[in-house]
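Here are some exercises to work through with the model open in front of you. Try each task yourself before you read its solution.

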Amino acid sequence: MDRLSNRLLDQPMSLLVTGATGKSGKRVVQHLRAKGIAVRAAARPVFDWTDEGTWDAALEGVRAVYVVQLDGTMLVRPFLERAAQHGVRRIVLASGRGLDDPDYAEDTAGVRPGLVDSEAATRASGLEWTITRPGWFAQNFSEGFFAEGIRAGELRLPGGSAAATFVDAEDIAAVVAAALTEDGHSGQVYELSGPHPVTLAEAVATISEAAGREIRYVPLSPEQYVAELVQQGTSPTDAQAFADLFAAIREGKDAHVSDGVRQALGRPPRTFAEFAHATAAEGGWSTG
Ligand SMILES: NC(=O)c1ccc[n+]([C@@H]2O[C@H](COP(=O)([O-])OP(=O)(O)OC[C@H]3O[C@@H](n4cnc5c(N)ncnc54)[C@H](OP(=O)(O)O)[C@@H]3O)[C@@H](O)[C@H]2O)c1
């Protein structure tokens, strides 16, 4: 362990986790606290990306930061400049798989330019940096925007019959916690996926088995999906943005396996079945 890591462990609150209530951030906080490492968990209203006045208090005394950007903004660059002024030495950035491919997916919501700028700012920051690029999170089924359909027993999505290598946010968090606190991760870009491709139908069948109740996947055309969302009250623009997200899955662009979990941790990533059963054990598939 290097001198920075020793100091990190010695100094309470010298680690800052942004997005600390989100799918990866809250697990990073849990991983660090389980190791006995004190961490400042940044969430609104105390830390707000859109209110620069909240940044200094969050960064006070901090030496390493997990940066989860606010999608659709260009705020990581000024935040990293502020972080360096506060003496931050190490950053781990949450990015996304497919960022090197401008045609990866339609980006109606404007997420890609922010992530491209965040990665560039990270590399140019002069700080020790690690970039994580996860694919689709398995937790989209349990906590994200698939969860409502899973609870209702019918997941209706324009995902076709193609597969994706969904990654467990527990693995993302383990990689981030290691990169924040251990040597050997500086300058690494970790592309993170699960160990094998899983179709949406297979994913739902696995969850159904783990949850012990019938849940089915109903493939929709993008047009059907947009029409259903609009009927449920989503604006046409947002509905189209959601539909566009699925193009990458339909076209098989997220079906490849990436080796980032093994590179960072020396072990394979968790399977989708392991995720589904662990979530069941926590009561995560309950309908209540
Ligand atoms: N989900 C996926 O499948 C996936 C795949 C690849 C990459 N990514 C990327 O990974 C990142 C995190 O995704 P996620 O799914 O973990 O997101 P998430 O679960 O929705 O978490 C977002 C976090 O950002 C916080 N936040 C929102 N607005 C904020 C603001 N104005 N100021 C400060 N914090 C704010 C939220 O806190 P509050 O409690 O305050 O709302 C929450 O902690 C995103 O950049 C996403 O594009 C996601």
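**Exercise 1.** Work out the strand order of the open sheet, and find which strands stand at its edges.

*Solution.* Keep in mind that this is a predicted model. Step one: read across the open sheet, and you get six strands in the order β2-β1-β3-β4-β5-β8, with parallel pairing. Step two: look for strands with a single partner. Those are β2 (40-41) and β8 (188-192), so each of them has one side left without a neighbour in the sheet.

**Exercise 2.** Zoom in on β3 and β4 and describe how they pair.

*Solution.* Start by locating the two: β3 covers residues 64-67 and β4 covers residues 90-94. Next, check the direction and count the bridges: the pairing is parallel, and there are four bridges. To see the match up close, pick V67, and you'll find L93 of β4 opposite.

**Exercise 3.** Find the cis peptide bond and say where its proline is placed.

*Solution.* First, go to R44 and P45: the peptide bond joining them is cis, with omega about 0°. Then place P45 in the fold: you'll find P45 in the loop between β2 and α3 (55-59).

**Exercise 4.** Describe where the ligand sits and what surrounds it.

*Solution.* Begin with the site: the ligand sits in the largest pocket. Now list the neighbours: 19 residues surround the ligand, and the closest are T21, R44, D48, D71 and N140. Then sort that shell by type, which gives eight nonpolar, seven polar and four charged residues.

**Exercise 5.** Which polar atoms of K23, R44 and D71 lie close to ligand oxygens, and how much of the ligand does the protein bury?

*Solution.* Take the backbone first: a polar backbone atom of K23 is 2.9 Å from a ligand oxygen. Move on to the side chains: an N or O atom of the R44 side chain is 2.7 Å from an oxygen of the ligand, and for the D71 side chain the distance is 2.7 Å. Finish with the surface: alone, the ligand exposes 900 Å², and the protein buries 76% of that.

Note on methods: Residues are numbered from 1 along each chain as its sequence is written. This is a predicted model: local features need pLDDT of at least 70, side-chain atom pairs count only at pLDDT 80 or more; totals for chains, interfaces and linings use all residues. Side-chain values use heavy atoms; hydrogens and water are left out. A residue is near a molecule or strand if one of its heavy atoms lies within 4 Å of it. A polar contact is a pair of N or O atoms within 3.5 Å; within protein, one must be able to donate a hydrogen and the other to accept it, and residues adjacent in sequence count only if both atoms are side-chain atoms. Accessible areas come from the Shrake-Rupley method with a 1.4 Å probe; for residues, only the protein chains shown count as cover. On a 1 Å grid over the protein atoms alone, a cavity is a set of points where a 1.4 Å probe fits but cannot get out, and a pocket is an open set with protein on both sides within 12 Å along at least five of seven lines; lining residues have an atom within 4 Å of a point. A molecule sits in a cavity or pocket if more than half of its atoms lie within 2 Å of its grid points. Ala, Val, Leu, Ile, Met, Phe, Trp, Tyr, Cys and Pro count as nonpolar, Asp, Glu, Lys and Arg as charged, and the others, Gly among them, as polar. Two strands pair if DSSP finds at least two bridges between them.
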